[in-house]
Structures are given as C-alpha cells and as structure tokens.
Amino acid sequence: MNKLFFQMSCLSESNEIKSQDIYERLFDKKVDKRYLESSIQKFLLLNKKMFSFIGIDLEMNGTGSDFSIKFKSSNYIGAIPIRMPYDGISHKDFQIIPRFDNSNHAFSDLTQLLSKLDYSVSPEYSDGEELSLPLQLRPPIYYEATKYIELFEQAQKQNWVKFEIQKSTHSFPKSNTDWSKHANHTSNPVKALQFPSSDSILSRNHSEWQELTYVFEIAQSIILQQNVPESIRYKYQNRLIALRKKNTSIKAKKTNNLVIHASDPPIIKEVKRQANMLIKKGSTTCVAWRIDMAQLFEKYIQHIVNKSITNLGGTVSPNKKILGKGSIPPWGLKYLEPDLIVNFNSMILMADAKYKSHYYAFGQNSEVLKVTHRSDLHQLLAYCSFSPQNNKTGILFYPSSMPSYKKIDYIEQLGGITNTIYIFGVPFGINEMDKSINKMKDLFSKILV
C-alpha cells in the first residue's frame, strides 16, 4: 500500500479522479465499490479537520460509474494524515508542495531560504495528528535547529542569571545555617566549628540555562550532519564555535520540556518555545504541519527590497498599518496594510507582494487573470493614494522564472496626474536571490533619477 495518499502543489486544483481510481488507488480496494459515494462522504467527515487545517477543498461530480472528485488547494504547503473510510485510521498522508518549484529539492531549498530572511516564517503544527511518513514528509529539522541557534545566541547576550541553592560549609554561623545537621556533628570536636548551610547564589549556571545548553547541543549536532546543505553548515560553523566557548563551564542538563514562566525575559520565552519545538521534532514522530506560502513570499519580497536599498538612502516599513478613523461600520476596514512602504527623501513608494502566477502568464489572455489582477491593482492604487506626491508610484511583485519588470502608466487626462505601476517578477528561490536584489536596486536607481 502506497502511504502517500495524494500530492499536489499549492494554489492549484487537481485533475478529476474517476471512480475507478478512487476505488483502486486512493482507497486500495478496501471499500464497497457499490457504495463509493457514501464512502467519500465518510472520508470527508473523517478528514474535515485536517482538510480545513491545510486549506483543501474537495469537489464531487457525477454519480455511479461517472462519479469523480477533484482537490483544490489554498496557499498552504505541508502534510496531513488521512483517515481512511474503511476503518477510520490514518494510513496515508496528503502532501502539498510549493507551486512554482516541483523539484525533489523544493523543501531543502525552502529551508535555506527561510534561514536567510530578515523576517522569518515558521511552520505551524497540529498536535496529536501524526504523519504516516514522518521522515519523508516532515519539514527539514535543520531549519528549526538554525532558528534555535540564533535565539540562543541572543539569549546568551542577555546574561540571564537566577538564584541557585548551593550546599556549603562555613567556619561561622549564618542565617541559613542548617542547625539540625550541625547538631549531629558537634560530638566531633573537629567539626564543631563547621557550620553547614544552603546558600542562595545569583548564578548564570542555573538549571534552566543548563537545559537550554542541552538543547543547544542537540541543535549543534543536527546542523553539523552531512545531509545538511554545506551553505548552512558553513554559515553557522563560527557561531557554534563561539557559543561552545562561552558555555564551556555550563553542564548540560537533559530535559524533555522547558517550563516557560511569566517572569522570564521575552527572549528567554522565545528560546524556550523554540527549544520545546526542537525537542519534539527530534523524535521519530512528526505531526501535521503547514506553511503559508503567500506570507512567506511577502517576507521574501520584504527581504529583497530591504537589501536592495542599501546605499540608496531609503528606509523600508514592512506591514505598516494605515488606520481608519470615524464611523466605521462592522463590515468596514479599520486599517489598510501595504506589504511595504519604501521611503526615500524625494518620494514614497507603495508595494504589494502576490503569490500568483500572473508573471508566468504575462502573454496570456484570461478572465480569471483579469479579475484577480484588477483586484491587486485596485488594492495597490488605494495604498498609493497615501503617498504625498501628485504622481504616485507603486510596485506589484509576482513570482517569476527570472527577475524582470514592466512599467505601466495610468494617466488621468483632466488633472494630468499619473500613477506609475511596476509589475515586478521575482524568482522565488535561494539561488536567484542576489540577482533579484541587483535588479531591484537597478529599478530604484531609475525611479530616483
């Protein structure tokens, strides 16, 4: 039995799967073929929660021998377990892969990309829903390890100290002297002037930091494995050496869970959460997970733009809210939130990132493309209305196979006001990142002339 129930890319729909294929391939001939439609209904009921989690819709068509189903995916990638209608148990997994990268290295490339971004996106998990193929379908664990190293490095700079109880013996009595223990020793003249006590000492070498050091050792071992891409191993090599030196006096303390206290500093809470995630993922099990690719593409564009304005004298404001005031109805917008506001001394640019196939379909004519692009354009023009200059400039980012852009001018004849919109195609991948940054820098240089 094939343990991969189905695989498809995000933001797409599958071909129709006919009744014969449903019976043989999806359900392994273990349901009554005469009542296939009722089996599908049971299948939907059993997997409703997981389909909702990863954004899958199922469409049914026809009846009897002409019966078919079709899967439609959303902007999530990831993997979920699938409960089968013949026994209600999870025997297979459903996998959603990136839309514009169907290679065998898609998830590996994605992990390297995540490790480079200024604004990170983490996988979301559904506890208690274990995958049938945990080792094949889990998100690469070294991403979680690299994220832990970065947080542990920040926590190291915090110099976090706590009171630790240490057993000591003094030649004089103290307020915390253990008198009952001292009384047992008074019969021995040599120990009569030895006063045992439990001293409370402010120390960095406390039990909770020892637990974090234990997780650091786990993260370190993961990153240094041979199956981790060389670029990641080399990137973190010096940081690992520096952190090992700073923690040579700390004895690692094994733990299965780090308790997060309300009194912990914010960075300590973050590193503890990541530590618990890493400990859990280090096991042989893996639960259902997802990553929002639309959100990830947005963060990727923010990173590209932020790097491209170096030496151009600009600033980038990601996801800055434009607040609404007054009598806003319940169905009204309380704020607008452009993905990017790029501020130069002479002008303000608005930008929005869309994880859609428009740039790949640049020469095609389609009603669907027209409707969705019109919505994207109107949204960007609404953002542009808040820039102070009369002639506005905005940028729409779409994924593409190579970095390039097209310029469109929308001119109002009576007032002579021009809105310039650049449609910018950006390759969504680690290998093309530098080319995209240079192309973006080239565009900004031309706009500012």
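Select strand 16 (residues 392–399) and strand 18: the two run parallel and are joined by 8 bridges. Strands here are DSSP runs of E with at least two residues, helices are runs of H or I with at least four, and both are numbered from the N terminus. Two strands count as paired if DSSP finds at least two bridges between them. This is a predicted model, in which local features need pLDDT of at least 70 and side-chain atom pairs count only at pLDDT 80 or more, while totals for chains, interfaces and linings use all residues. Residues are numbered from 1 along each chain as its sequence is written, and side-chain values use heavy atoms, with hydrogens and water left out.

To see one bridge of this pair, pick Pro-399, whose partner in strand 18 is Val-426.

Next, add strand 17 (residues 404–412), which runs antiparallel to strand 18 and is joined to it by 9 bridges. Tyr-405 has Phe-424 of strand 18 as its bridge partner. Strands 17 and 18 form a hairpin with 4 residues between them. In the turn, select Gly-416, which has a positive phi of about 70°.

Is strand 18 largely enclosed or not? Of the 10 residues of strand 18 (residues 417–426), 9 are buried, so the rest of the structure largely encloses this strand. Buried means under 20% relative accessible area, exposed over 50%, and partly exposed in between, with a 1.4 Å probe and protein chains only.

Now go to the N-terminal part of the sequence and select the open sheet of 3 strands, which has the order 2-4-3 and antiparallel pairing. Strand 2 (17–18) and strand 3 (57–61) are at the edges with a single partner strand each, so each has one side without a neighbour in the sheet. Strand 3 pairs with strand 4 (residues 68–72) in the antiparallel sense over 5 bridges. Show Glu-59 together with Lys-70, its bridge partner in strand 4.

Add helix 2 (residues 36–54), which lies across strands 3 and 4 and runs at about 165° to strand 3. Axes are lines fitted to C-alpha atoms, for helices over the stretch in contact, and angles run from 0 to 180 degrees between N-to-C directions.

Move to helix 5 (residues 141–158) and helix 7 (residues 207–223), whose axes come within 9 Å and cross at roughly 140°. That makes helix 5 oblique to helix 7; angles under 35 degrees count as roughly parallel, over 145 as roughly antiparallel, 65 to 115 as roughly perpendicular and the rest as oblique. Contact means heavy atoms within 4.5 Å. On the helix 5 side, select residues including Tyr-148, Ile-149 and Phe-152; the residues met in helix 7 include Leu-212, Phe-216 and Ala-219. By class, this contact has 14 nonpolar, 3 polar and no charged residues. Ala, Val, Leu, Ile, Met, Phe, Trp, Tyr, Cys and Pro count as nonpolar, Asp, Glu, Lys and Arg as charged, and the others, Gly among them, as polar.

The last stop is helix 10 (residues 293–308) with helix 12 (residues 433–448), packed at an angle of about 60° with axes 8 Å apart. These two helices are therefore oblique to each other. Among the residues in contact are Tyr-300, Ile-304 and Lys-307 in helix 10, and Met-440, Lys-441 and Phe-444 in helix 12. The contact of helix 10 with helix 12 has 7 nonpolar, 3 polar and 2 charged residues.

Finally, show the whole chain, with 12 helices and 18 strands.
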